[in-house]
Amino acid sequence: MIMKRKMEDSCKEKCRPQMSEEQEQLIATLIEAHHKTYDSSYSDFGQFRPPVRKDEFDSSDDCSMPEAPTDCSFGSSTPGESSMNSGNLGLLASFENFGQSASNMTSPFSMLPHLSDLVSYSIQKVIGFAKSIPGFRELNTEDQIVLLKSSVIEIIMLRSNESFSSEDNSWVCGSEEFKYSISDVTQAGHNMELLEPLVKFQIGLKKLNLHEAEHVLLMAICIFSPDRPSLLERERVEAIQERLSETLRAYIVCNHPPPSSHLLYPKMVQKLADLRSLNEEHSKQYLEISREAGDPSDLTPLLLEVFGSPLS
Ligand code: 8C9
């Protein structure tokens with residue numbers, strides 16, 4: 001009897017940091033923003049320059065047509081909402097046009113044009129997501145740009161977990177054509193060595209079985225990292241991140257049942273640390289790829305702006 005009373009008390013105690021109305025609202029806003037910027041049907045992928053996969057068993061390196069449609073007549077389409085253009089991000093001034101020339105089929109980086117378009121498209125979506133996080137638009141423009149530039153590759157890695165399949169360690173975006181295996185990514189110039197940690201990260205993240213609320217909060221927390229270099233108003237960024245992490249902790253306590261809730265918050269924080277080292281590796285790789293890529297037009301103006309041009 002006493003035992004039972006104690007149990008009930010501790011349960012109440014557990015839900016002590018009950019979710020406030022404001023926290024519930026914050027989660028609803030983030031989920032809506034994510035739905036608006038992550039199309040689970042991947043229907044825009046057909047507008048990217050087509051993926052070109054080298055037949056590993058065919059050394060002839062011929063110029064046969066890729067399986068993908070080579071018709072690039074989508075030309076002037078501008079995928080992504082124009083919400084990206086509005087607002088005050090100077091970074092966003094450049095808008096992407098995916099309808100560039102057909103890929104160079106003899107390039108050793110045969111997947112580069114397609115993956116560049118995928119990353120470029122994802123950057124635009126991440127910007128759209130960031131802009132709808134309460135507090136982001138109220139920051140000064142410089143800090144908005146610092147936060148986005150430094151986190152965007154991390155957010156792309158995080159959001160890609162939605163398409164990642166642990167069954168065969170690939171990202172599955174609808175059809176077979178848009179299924180990215182490790183070897184596809186090495187065909188964009190990324191070496192295996194650095195891809196392995198990314199795949200390990202994806203597997204580990206998948207295992208956390210995050211609820212959608214947790215997934216979107218993790219992305220928002222990552223964007224509002226107060227320790228990014230050269231932030232002007234660090235304290236404001238920190239205050240927003242604090243509000244987001246408190247919401248995440250409250251959500252887990254109140255809505256995530258054990259045993260998977262066990263140590264979930266610290267495990268998520270560890271994922272943010274993993275992303276930092278992936279980000280660092282990425283910067284090095286990007287520099288190499290952008291130097292070595294035969295055709296500079298394999299990259300896109302937005303990629304050059306966000307990750308930097310090798311010439312600058
Ligand atoms: O530096 C990069 C780069 C890419 C293309 C360029 O032209 C220039 C540079 C990005 C590098 C990373 C790998 C870094 C290893 C440390 C990039 C190749 C990875 C992606 C794009 C490979 C394919 C699967 C980062 C995330 C990887 C993938 C994402 C999948 C997505 C599909 C879908 O879930 C992205 C997501 O936004 C979706 C919409």
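**Overall fold, ligand shell and selected residues**

Of the 312 residues that make up the chain, 47% count as buried. The model described here is a predicted one. The chain holds ten helices and three strands. Read from the N terminus, the elements follow the order α-α-α-α-β-β-β-α-α-α-α-α-α. In other words, four helices come before the run of three strands, and the remaining helices follow that run.

A good place to begin a tour of the model is the ligand. The ligand sits in the largest cavity. Three elements each give two or more residues to the shell around the ligand: helix H3, spanning 112-131, helix H4, spanning 141-159, and helix H9, spanning 264-292. Of these, H3 provides the largest share of the shell, with four residues. In total, 21 residues surround the ligand, and the closest are Tyr 38, Ser 116, Ser 122, Ser 163 and His 282. By residue class, the shell is made up of 14 nonpolar residues, six polar residues and one charged residue.

Several side chains place polar atoms by the oxygen atoms of the ligand. For His 282, an N or O atom of the side chain is 2.7 Å from an oxygen atom of the ligand. Ser 163 has a polar side-chain atom that lies 2.8 Å from a ligand oxygen atom. In the case of Arg 159, the distance between a polar side-chain atom and an oxygen atom of the ligand is 2.9 Å. Both Ser 163 and His 282 also appear in the list of closest residues given above. How much of the ligand does the protein bury? Taken alone, the ligand exposes 830 Å², and the protein buries 99% of that area.

Attention now turns to individual residues along the helices, starting towards the N terminus. Glu 24 belongs to helix H2, which covers residues 21-37. Glu 24 counts as partly exposed because its relative accessibility is 43%, a value that falls between the 20% limit for buried residues and the 50% limit for exposed ones. Although Glu 24 and Tyr 251 are 227 residues apart along the chain, their C-alpha atoms are separated by 8.7 Å.

A second glutamate offers another setting. Glu 214 is located in helix H7, residues 212-223. Is Glu 214 buried or exposed? With a relative accessible area of 0%, Glu 214 is buried. Glu 214 and Lys 54 are 160 residues apart in sequence, and their C-alpha atoms are 38 Å apart in space. Helix H7 also contains Ile 221. Ile 221 has a relative accessible area of 5% and is therefore buried, since the buried class takes in values under 20%. The C-alpha atoms of Ile 221 and Arg 243 are separated by 9.2 Å, with the two positions 22 residues apart in the numbering.

Helix H8 supplies a further example in Val 253. At 37% relative accessibility, Val 253 counts as partly exposed. From C-alpha to C-alpha, Val 253 and Arg 234 are 28 Å apart, and in sequence they are 19 residues apart.

The loops hold some backbone details that are worth a look. Which peptide bond is cis? The bond from Pro 258 to Pro 259 is cis, with omega near 5 degrees. Pro 259 is part of the loop that links helix H8, residues 234-255, to H9.

Two asparagines have a positive phi value, a feature that is noted here for residues other than glycine. Phi of Asn 169 is near 50 degrees. Asn 169 lies in the loop between strand S1, residues 164-165, and strand S2, residues 170-172. Because its relative accessibility is 25%, Asn 169 counts as partly exposed. For Asn 209, phi is likewise positive and near 50 degrees. The loop between helix H6, residues 192-207, and H7 is where Asn 209 is found. Asn 209 is exposed, with a relative accessible area of 56%, which means that its value is over the 50% limit for that class.

How values were computed
Residues numbered from 1 in each chain as written. Predicted model: local features only at pLDDT ≥ 70, side-chain atom pairs only at ≥ 80, totals over all residues. Heavy atoms only, no water. Near = heavy atom within 4 Å. Polar contact = N/O pair within 3.5 Å; in protein donor to acceptor, adjacent residues only side chain to side chain. Areas by Shrake-Rupley, 256 points an atom, 1.4 Å probe, with all protein chains shown as cover. 1 Å grid on protein atoms, 1.4 Å probe; cavity = no way out; pocket = protein on both sides within 12 Å on 5 of 7 lines; lining within 4 Å. Sits in = over half its atoms within 2 Å of the grid points. Nonpolar A, V, L, I, M, F, W, Y, C, P; charged D, E, K, R; others polar. Buried < 20%, exposed > 50% of the residue type's maximum accessible area, 1.4 Å probe, protein only.
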